[in-house]
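I opened the model today to look up a few points about sheets, cysteines and charged pairs. My notes follow in the order in which I looked.

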Amino acid sequence: MSSNSFAYNEQSGGGEATELGQEATSTISPSGAFGLFSSDLKKNEDLKQMLESNKDSAKLDAMKRIVGMIAKGKNASELFPAVVKNVASKNIEIKKLVYVYLVRYAEEQQDLALLSISTFQRALKDPNQLIRASALRVLSSIRVPIIVPIMMLAIKEAAADLSPYVRKNAAHAIQKLYSLDPEQKEMLIEVIEKLLKDKSILVAGSVVMAFEEVCPDRIDLIHKNYRKLCNLLVDVEEWGQVVIIHMLTRYARTQFVSPWREDDGLEDNEKSFYDSDDEQKEKTDKRKKPYTMDPDHRLLIRNTKPLLQSRNAAVVMAVAQLYWHISPKSEAGIISKSLVRLLRSNREVQYIVLQNIATMSIQRKGMFEPYLKSFYVRSTDPTMIKTLKLEILTNLANEANISTLLREFQTYVKSQDKQFAAATIQTIGRCATNISEVTDTCLSGLVCLLSNRDEIVVAESVVVIKKLLQMQPAQHGEIIKHMAKLLDSITVPVARASILWLIGENCERVPKIAPDVLRKMAKSFTSEDDLVKLQILNLGAKLYLTNSKQTKLLTQYILNLGKYDQNYDIRDRTRFIRQLIVPNEKSGALSKYAKKIFLAQKPAPLLESPFKDRDHFQLGTLSHTLNAKAAGYLELSNWPEVAPDPSVRNVEVIDLAKEWTPAGKAKNENPTKKFYSESEEEEDSSDSSSDSGSESGSESGEEDEEGDSSEDSSEDSSSEPESESGRQSDTENRRVAKRNSKTKGKGDSKDEKKENEKSKTSDSSNAESSSVEESSSDSESESESESESESRKVTKEKEKKTKQDRNRLATDVSLLDLDDFNPVSTPVALPTPALSPSLIADLEGLNLSTSSSVISVSTPVFVPMKTHVLLHRMSGKGLAAHYSFPRQPCIFGDKMVSVQITLNNTTDKKIENIHIREKKLPIGMQMHVFNPIESLEPEGSITVSMGIDFCDSTQTASFQLCTKDDCFSVNIQPPVGELLLPVAMSEKDFKKEQGMLTGMNETSATIIAAPQNFPPSVILQKVINVANAGVVPSGQDNIHRFAAKTVHSGSLMLVTVELKEGSTAQLIINTEKTVIGSVLLRELKPVLSQG
């Protein structure tokens, strides 16, 4: 009753119905069915109140009901503001449900979602992995281009997360970000490359899906991970298995030679007849060359075989297509049993599987012959399944089983499903064509069907008999006579047309019947179907040419009827035939050849399978099902003639063995060993490196050896002197030198630590340097547990060189030039801030110095005179206040922005005790206020200075400006350009710093404006008017560079304006503060575009 009431309430909207509906909903318990509708305002109000309650239980109940609404397809978008308030809830259960809701509605309510973006960013650091993952999902669901840098940063951090679940969600977010902004492709490929090295089975399927979506052509990323993916395949979740198998199928077709070569070579015997003896011998030698399967090719085939037992039909289908496309033909037979097993599934699965079997059975009949009875049609099968089974039975038919199949087909013809019965008759015709031994049997059986009561069966039989008779017309005159008699009873146009065509083609063999048939047809000409009329005209023309005495007048009568027919095709055909067969003065040369034209020998029709042309599509794909190329379809490449270098896959072989074999247990014990004894670990690593057989004297050989031996341990200072002494020693005494260097390394390491401790107390820049070094080594050891060893190997040599230079100059200098790692002698002007954790993680082990000798704060190039209204004289009861930014270093603190406030007394009375109170500042923001002003004379004016630390954001600083009698709420919001200090640097240093701030730290835009807007003076004026930046000298006329640093954190802000051809320019901003960079880009773009 209640459900009916709901329906009525939705449709009618009447008063009584509304009451009834509300009554009904009130009787339903909240935990049962959710009787909530978007029109039911009262219920939504209750939910809003529950969400604003102080009790977690009420909030949790409300969120469960809201998620229930979403699951039922109800619209819950109006609850977005109430739900989003609870995003910071401390209750984990509430927070999870809030994130489920936000993922659903974040794209629709983008503005409200953006207000909570800081909460999502904080949630990315939450201790609970589910919250971190949910926050990333919500963030990637807000499809606003402005937060692309934030999403990029979040994905990069999540990709290095300790939780595999979070890394899996990072892989999912990659696809969302790519669809939002395809320009991020290169940076996303870096993340994909990192995630492909992941050892977790939870991540594998998701990252391969991202790979297929973003860069399916980058096969080089798979080389190092190929064997790992093959070994992980059995344990990956089912849908991940499907994606990985399809990707590995494409990979195998590009990296291995064809395993079918032996079969192909036997078909070239005829061609060799025309070749010379030498050429023939050469070909024979090639054919005799035995095929040896690549071990990696065998690994893939062997590791996918167990998945044929999977309960998921998609996985079985994926393995079947892999075996079909890349395994030797002799081994592909094992898939047939698994595919036949899938025929017990639901009809949708059966349909796809049967389509693929139909394609396979055309080329390799032997695979499915043992399971012939599995394709017999059941009465409960839908028509689409019956038709496909018939197709497969036709493909499998041969001399041995045709008698069994024909008996089966006789039963099918009697089916009540007329479409299926017609398809069966076509199948019998194809069997008769393919197997010559049963052609006569099939033909006689079809003739028997001509006496069937069902018109559709008779019509289809006529059409098939017509095709069969074309193959051997001379032997079947009796059948043609029998079919002529059927014209009186058959009404299906196609069947009538087929009989008339047969009689016309064989009119000389049935000279007595043909004219009589034409006479009957002339009587009913006007009432026939257009298709039949055309065949009557053809029959008349053929009889006119072969038996003009009996049929001349009859043919002319039919031509006259056709001349005035309503269908223009028939009128045209009539005129054409008349001119061709009836001679007169206007007749052309073609009339002589009329008989040859009409009675020419026609080729017999070729009855082919409709699945014959589908084999060029990959099995199991949508394109194969549709028999048309679908969007996103990736074609399988042809086998290479010569296999590419297999060594590209050897890079990860040793690592994989360590990680996935039982020996990997030692990996977990290594950190403990290191904790107790460094020397013990060093001995182990040297032993393992010598065991690996890398005892050659080459430098690269030793580096590889060290890379392998230190795979499972974090880098420490003792490895540097070891490798350095190893390089300097002779080849013969290398091992001895190594042992000596171990003891030396320990001493050096201890000395170095002592020196660092001393320098920490004496020199602040050294303290910064050592802190960054520690954080980078920490991030390295964390990331190593997340498969980061590869990138560490790449940066290892640079790191060694860096630390060696630091050892030499430990007491003198601790600064490094990142380009060539040479010590810098120029004095330090101003240290830049510490690098962000994400950048340190990316640079892995590089010991970056955090101060630079060539960057110094300069005086502002230009100070705009623009002022902003702080308090209008009308609102301030005669007190007016304006504020401006003088662009000078603040005297109250080096992290504060200097603000000048001008106070005016527009009254005729003295204003006393002007001061500031009740500062309402966001978290972290600080303000240094001016001293109270005792009095301000009438018409008087005074300028005071303040300092505000905006924390590198454009958030508003709110406070109260008070006098003796009143208080006025005012606020200051800084333009993004005033949060900067100008920096002086050379062009070389600018390029070096810019090179360190690429990828996610770079934002750019194209500017279109008239050429007169692009002279250097105009660009300079426009940029420095918006942003307090310094001008960097440039050696190129078309590139203008500006440098600044943020006041609070000291992060560099590099602005480049590059003029292109025509009226366009490229604006590029490089900075760690991606949000500020995006805002500055938005402000500069319209300014540079304007005339």
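Which residue in β7 does Ile914 stand opposite? I looked this up first and found Ile933 there. I note here that the model is predicted.

**Entry 1: the sheet with β7**

I then traced the sheet around this pair. β5 covers residues 911–920, and 3 bridges join this strand to β7, the two running antiparallel. The sheet is open and has 4 strands, in the order β7-β5-β9-β10, with antiparallel pairing. I marked β7 (933–936) and β10 (967–972) as the edge strands, since each pairs on one side only. On average, neighbouring strands of this sheet are turned by 35 degrees against each other, direction ignored.

I added a reminder for myself: strands of a sheet pair through backbone hydrogen bonds, in parallel or antiparallel fashion.

**Entry 2: the sheet with β2**

I went on to an open sheet of 5 strands, again with antiparallel pairing, and wrote down its order as β2-β3-β4-β8-β6. Why is one side of β2 and of β6 left without a neighbour in the sheet? β2 (868–871) and β6 (926–928) stand at the edges and have a single partner strand each, so one side of each stays free of a sheet neighbour. For neighbouring strands here I noted an average turn of 30 degrees against each other, direction ignored.

I checked the β2 edge at residue level. β3 spans residues 879–884 and is joined to β2 by 3 bridges, with the strands antiparallel. His868 has Tyr883 in β3 as its bridge partner.

**Entry 3: cysteines**

How many disulfides does the count come to? I got 1 disulfide. The bond joins Cys962 to Cys967, with 2.4 Å from S to S. The torsion about this S-S bond is about 110 degrees, so I entered the disulfide as right-handed.

I looked up the exposure of both partners. Cys962 has a relative accessible area of 0% and is buried, whereas Cys967 is partly exposed at 32%. I also checked two further cysteines. Cys448 is exposed, with 55% relative accessibility, while Cys890 is buried at 12%.

**Entry 4: a nonpolar patch, and a contact in space**

On the surface I found a nonpolar patch formed by Leu590, Tyr593 and Ile597, which together have about 310 Å² of accessible area. Ile597 sits in helix α35, residues 594–598. Is Ile597 buried or exposed? Neither word fits, because Ile597 counts as partly exposed at 43% relative accessibility.

I then looked at Thr546 and Lys595. They are 49 residues apart in sequence, and their C-alpha atoms are 8.0 Å apart in space. Thr546 belongs to helix α32, which covers residues 530–546. Its relative accessible area of 26% makes Thr546 partly exposed.

**Entry 5: salt bridges**

I counted 34 salt bridges in the structure and wrote up three pairs.

Arg104 and Glu108 meet through their side chains at 2.9 Å, N to O. Arg104 is partly exposed, with a relative accessible area of 39%.

The side chains of Arg311 and Glu238 form a salt bridge at 3.2 Å, N to O. Which parts does this pair tie together? Arg311 lies in the loop between α20 (295–304) and α21 (313–326), and Glu238 lies in helix α16 (residues 238–255), so the pair ties together parts that are 73 residues apart in sequence. Arg311 is exposed, with a relative accessible area of 78%, whereas Glu238 is partly exposed at 25%.

Glu331 and Arg298 meet in a salt bridge at 2.8 Å, N to O. This pair links distant parts of the chain, 33 residues apart: Glu331 is in the loop between α21 and α22 (335–341), and Arg298 is in helix α20. I entered Glu331 as partly exposed at 25% relative accessibility, and Arg298 as partly exposed at 30%.

My last note is on a network. Arg227, Asp294, Asp296 and Arg649 are joined into one network by salt bridges that share partners.

Methods: Residues are numbered from 1 along each chain as its sequence is written. This is a predicted model: local features need pLDDT of at least 70, side-chain atom pairs count only at pLDDT 80 or more; totals for chains, interfaces and linings use all residues. Side-chain values use heavy atoms; hydrogens and water are left out. Two strands pair if DSSP finds at least two bridges between them. Axes are lines fitted to C-alpha atoms, for helices over the stretch in contact, and angles run from 0 to 180 degrees between N-to-C directions. A disulfide is a pair of cysteine sulfur atoms within 2.5 Å. Buried means under 20% relative accessible area, exposed over 50%, partly exposed in between (1.4 Å probe, protein chains only). Patches are made of residues with over 30% relative accessible area and no salt bridge: like charges are joined within 9 Å, nonpolar side chains (Val, Leu, Ile, Met, Phe, Trp, Tyr) within 5 Å. Accessible areas come from the Shrake-Rupley method with a 1.4 Å probe; for residues, only the protein chains shown count as cover. A salt bridge is a side-chain nitrogen of Lys or Arg within 4 Å of a carboxyl oxygen of Asp or Glu.
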